[in-house]
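I set out to record what surrounds the ligand in this structure. My entries follow the order in which I looked things up.

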Amino acid sequence: MKKVMVLGAGTMGSGIAQVVAAAGNEVVLRDISQEFVDGGLGRIDKNLARAVKKGKLTPEQKDEITGRIKGSTELQDAADADLVIEAIVENMSIKSKVFGELDGIVPDSCILASNTSALSISQLAAATKNAARVIGMHFFNPVPVMQLVEVIKGAKTSEGTYQAVTAFVDSINKKAVTVNEAPGFVVNRLLVPLINEAVFMLSEGVSTAAEIDEAMKLGANHPIGPLALADMIGLDVCLAVMETLHQEFGEDKYRPAPLLRKKVRAGELGKKTGGGFYS
Ligand SMILES: CC(=O)CC(=O)SCCNC(=O)CCNC(=O)[C@H](O)C(C)(C)COP(=O)(O)OP(=O)(O)OC[C@H]1O[C@@H](n2cnc3c(N)ncnc32)[C@H](O)[C@@H]1OP(=O)(O)O
Ligand SMILES: NC(=O)C1=CN([C@@H]2O[C@H](COP(=O)(O)OP(=O)(O)OC[C@H]3O[C@@H](n4cnc5c(N)ncnc54)[C@H](O)[C@@H]3O)[C@@H](O)[C@H]2O)C=CC1
């Protein structure tokens, strides 16, 4: 059993907290305001209640899992953590600031992991005094369903950190794939440009959102279409990934679709705000 702090109680942080607690670990779920913490805890409760209704979990098991998750607004609560998994906004300067603060709070033995979608683990590690303990742990949405965790080694990640994290991924019943640091890692470098291309096609009038999605479901066997997936991921996250790919590789093929940018500026971020490409 480990003590794990999850930073950010949004789409990903709440899912990560749920699966980590379901595997028997103690979790502190931290966000910057109580309202966000409560939102995350509420999502976990709803998810587990659905599992109980389907007979996949007993009410007692649900209570045990929720009993292992405490909400917090204090970063200081990481003082006795074995592992911190950061899942806050996809922004290098905000993440770096938090990594720098964490470095002064957690015990020497604590591992600092980021769930970033595309950003450099080495750059995040540079905000700390001990880059050897910093690593990428990239989960997929929805976390309770998706099997993969990309484990990303930064330039200075130690073998010990890497081994401990792959063993932890195993222990929470996920499958680790090892990735050497590269913008967008494996999945997002392939997947998010596909979503971006679908947004270009929508804005060019190639087809409707519903039909672009239907085409990819029936023609490529994708479980949901790229625009519905963008709504599920969050349009802000999709845009941030494209911006990172564009900036890091300097290639036009990664240019974010203007319609994606427009929707993010309008606050139409997808499911989490009630509307994106669909309402
Ligand atoms: C941006 C990044 O950095 C990285 C990313 O995450 S990229 C995004 C990666 N994710 C994907 O590509 C997801 C693609 N979509 C899918 O796999 C499927 O559409 C889906 C699993 C999300 C939903 O599946 P579906 O068959 O359409 O719907 P549904 O029948 O309601 O759900 C299937 C199962 O998933 C569960 N599920 C769906 N959404 C869930 C959620 N948010 N939380 C927990 N469980 C969920 C359902 O309860 C159901 O479970 P059972 O089979 O045990 O009953
Ligand atoms: N949405 C997705 O499908 C996926 C997202 N990711 C990555 O996970 C991270 C989080 O993404 P989401 O959960 O989608 O975002 P979200 O917008 O749903 O949640 C982010 C949460 O972080 C909180 N936050 C902001 N600053 C904070 C701070 N300093 N300390 C603690 N909490 C803070 C916000 O209040 C918010 O609740 C991002 O890096 C994203 O790229 C990774 C895999 C999939």
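**Entries on ligand 1**

I began with the neighbours: 19 residues lie around ligand 1, and K54, K56, S117, N141 and N188 come nearest; a residue counts as near if one of its heavy atoms is within 4 Å. I note that this is a predicted model, in which local features need pLDDT of at least 70, side-chain atom pairs count only at pLDDT 80 or more, and totals for chains, interfaces and linings use all residues. Residues are numbered from 1 along each chain as its sequence is written, chains are lettered from A and ligands numbered from 1 in the order written, and side-chain values use heavy atoms, without hydrogens and water.

I then looked up polar contacts (pairs of N or O atoms within 3.5 Å). An N or O atom in the side chain of K54 is 2.6 Å from an oxygen atom of ligand 1. For N47, the partner is a nitrogen atom of ligand 1, at 3.2 Å. In N188, a polar side-chain atom lies 2.7 Å from an oxygen atom of ligand 1.

Next I asked how much of ligand 1 the protein covers. On its own the ligand has 1,000 Å² of accessible area, and the protein covers 63% of this (Shrake-Rupley method, 1.4 Å probe).

I also checked which helices (DSSP runs of H or I, at least four residues) contribute. α2 (34-53), α7 (187-203) and α9 (226-233) each give two or more residues to the shell, and α9 gives the largest share, 3 residues.

How values were computed. A polar contact is a pair of N or O atoms within 3.5 Å; within protein, one must be able to donate a hydrogen and the other to accept it, and residues adjacent in sequence count only if both atoms are side-chain atoms.
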